[in-house]
Amino acid sequence: MANVEVFVCGGTGLVGSALVRQLKRASESTEEGVALRGFCSSKEIVSCAKGNARASIGGDAISDEEIILCCSSPDAIVCVVDCTSSETVTARYADWLERGWNVVTCNKKANSGDYEYYARCVAATKMTGGGKWFVEATIGAGLPTVSTLRTLIATGDCVESVQGIFSGTMSFLFNTWDGVSPFSDIVAQAKAAGYTEPDPREDLNGLDVARKVVIAARECGLQISLSDVEVESMVPSHLETCSSDDFMKRFSENDELMATRAKEAESEGCVLRFVGKVDVTDAKASVSLAKFSKSHPFASLSGADNIFEIKTARYGPTGMSTPLIIRGPGAGAEVTAAGVFGDIVALKNSSLA
Ligand SMILES: NC(=O)C1=CN([C@@H]2O[C@H](COP(=O)(O)OP(=O)(O)OC[C@H]3O[C@@H](n4cnc5c(N)ncnc54)[C@H](OP(=O)(O)O)[C@@H]3O)[C@@H](O)[C@H]2O)C=CC1
Ligand SMILES: N[C@@H](CC=O)C(=O)O
């Protein structure tokens, strides 16, 4: 029986190395049918659990020839896993899918990027002989968010809206911060905990949440792009273009402004939460820092939890019921890697059935 042969792009990164550890543990014990062939980072193969990594995979991204060389047989089920945040890698998905290779990703840049390219990738998965594309970890890390939306839609439900705290980083910041101590200190803690994007500005400027909002909207059938999302940024304009290191040093210049906003919310008996919203019915999407009363479910999260409130014809006021809620840790290397691993297992189950 052909194995699923897994190639990890970004295997030295936070999520990639957690995945590699999880795959190694599983390949030593129970997870039959998944073979780890080689891990590529932008520099080198770092390890190989089951041998057979014959090529030195380097350069900007793994090449097709290198993957073919590493496969144990021509009928191997190839699974390229993208644990980078690189567009050089996402630019390869369509070719990979069109040649029948499968793609598992936690990198949001293809399914939230240019709509034409996204549509080409989706079309490839529907071609005879096309590969499968798994994206669970692109929203909510290891939480079952994309799969829940897909199941609702596949079973005839109609999604009306998805609202929530889509960012582990932004959740951690506003769950942890007391409104008085320097906000920039908490940003440094979030980065150290591995919640942020490689450049934390992508979290603070709302781009990471906007990407997830676009992904959710597209899963619900909307032809929406990043430019259609109304986004409130937490990054002051004068810090938008400096280096990431400079930004981390200078973000404290914004602490006073943040303290004022927290005080204002507190005076109304509210807390600040950074929320994303997809209004499927009206085809609108937004990202903003909003005030919520202290009794609202969004106010009682802890750590880097995400929460998604999904209103549908079955779940929600029109369905004479309450909305469907998904809640849990939404960032961090281990849970994200577990979401990616879950997709690899789903691929294995669907390919070997
Ligand atoms: N951290 C989290 O909680 C979550 C992260 N994600 C997503 O997971 C992805 C990875 O995040 P994270 O692990 O934190 O990031 P890191 O910066 O820790 O890791 C990125 C990895 O990608 C590699 N890389 C960069 N460019 C290329 C390239 N062109 N070809 C091959 N490898 C490349 C880097 O290698 P090198 O250092 O050698 O350049 C590094 O190994 C991101 O897309 C992020 O949005 C999704 C959900 C949650
Ligand atoms: N930086 C992101 C990581 C997961 O997507 C977040 O904080 O949610």
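**Exercise 1.** At roughly what angle do the axes of helix 7 (residues 168-176) and helix 8 (residues 183-192) cross?

*Solution.* The model is predicted: local features need pLDDT of at least 70 and side-chain atom pairs pLDDT 80 or more, while totals for chains, interfaces and linings use all residues. Residues are numbered from 1 along each chain as its sequence is written, and chains are lettered from A and ligands numbered from 1 in the order in which they are written.

Step 1. Helices are DSSP runs (H or I, at least four residues), numbered from the N terminus. Axes are lines fitted to C-alpha atoms, for helices over the stretch in contact, with angles from 0 to 180 degrees between N-to-C directions.

Step 2. The two axes come within 10 Å and cross at roughly 135°. Helix 7 is therefore oblique to helix 8 (under 35 degrees is roughly parallel, over 145 roughly antiparallel, 65 to 115 roughly perpendicular, the rest oblique).

Step 3. Thr169, Phe172, Leu173 and Thr176 of helix 7 make the contact with Ile186, Val187 and Ala190 of helix 8 (contact: C-beta atoms, placed from the backbone, within 7 Å). By class, this contact has 5 nonpolar, 2 polar and no charged residues (Ala, Val, Leu, Ile, Met, Phe, Trp, Tyr, Cys and Pro count as nonpolar, Asp, Glu, Lys and Arg as charged, the others, Gly among them, as polar).

**Exercise 2.** State how the domains of the protein chain touch, and place ligand 1.

*Solution.* Step 1. The domain assignment gives domain 1 (4-141 + 334-352) and domain 2 (146-330); such bounds come from an automatic or database assignment.

Step 2. In domain 1, 14 residues are in contact with 21 residues of domain 2. The domain 1 side has 7 nonpolar, 5 polar and 2 charged residues.

Step 3. Both domains give residues to the shell around ligand 1, so ligand 1 lies between them. Of its 33 surrounding residues, Gly10, Gly13, Thr84, Ser85 and Ala331 come nearest (near: C-beta atom, placed from the backbone, within 6 Å). Helix 1 gives the most to this shell, with 3 residues.

**Exercise 3.** Describe the shell of ligand 2 by class.

*Solution.* The shell has 3 nonpolar, 5 polar and 3 charged residues. Among the surrounding residues are Tyr195, Glu197, Asp203 and Asp208.

Methods. Two residues are in contact if their C-beta atoms, placed from the backbone, lie within 7 Å. Helices (H or I, at least four residues) and strands (E, at least two) are DSSP runs, numbered from the N terminus.
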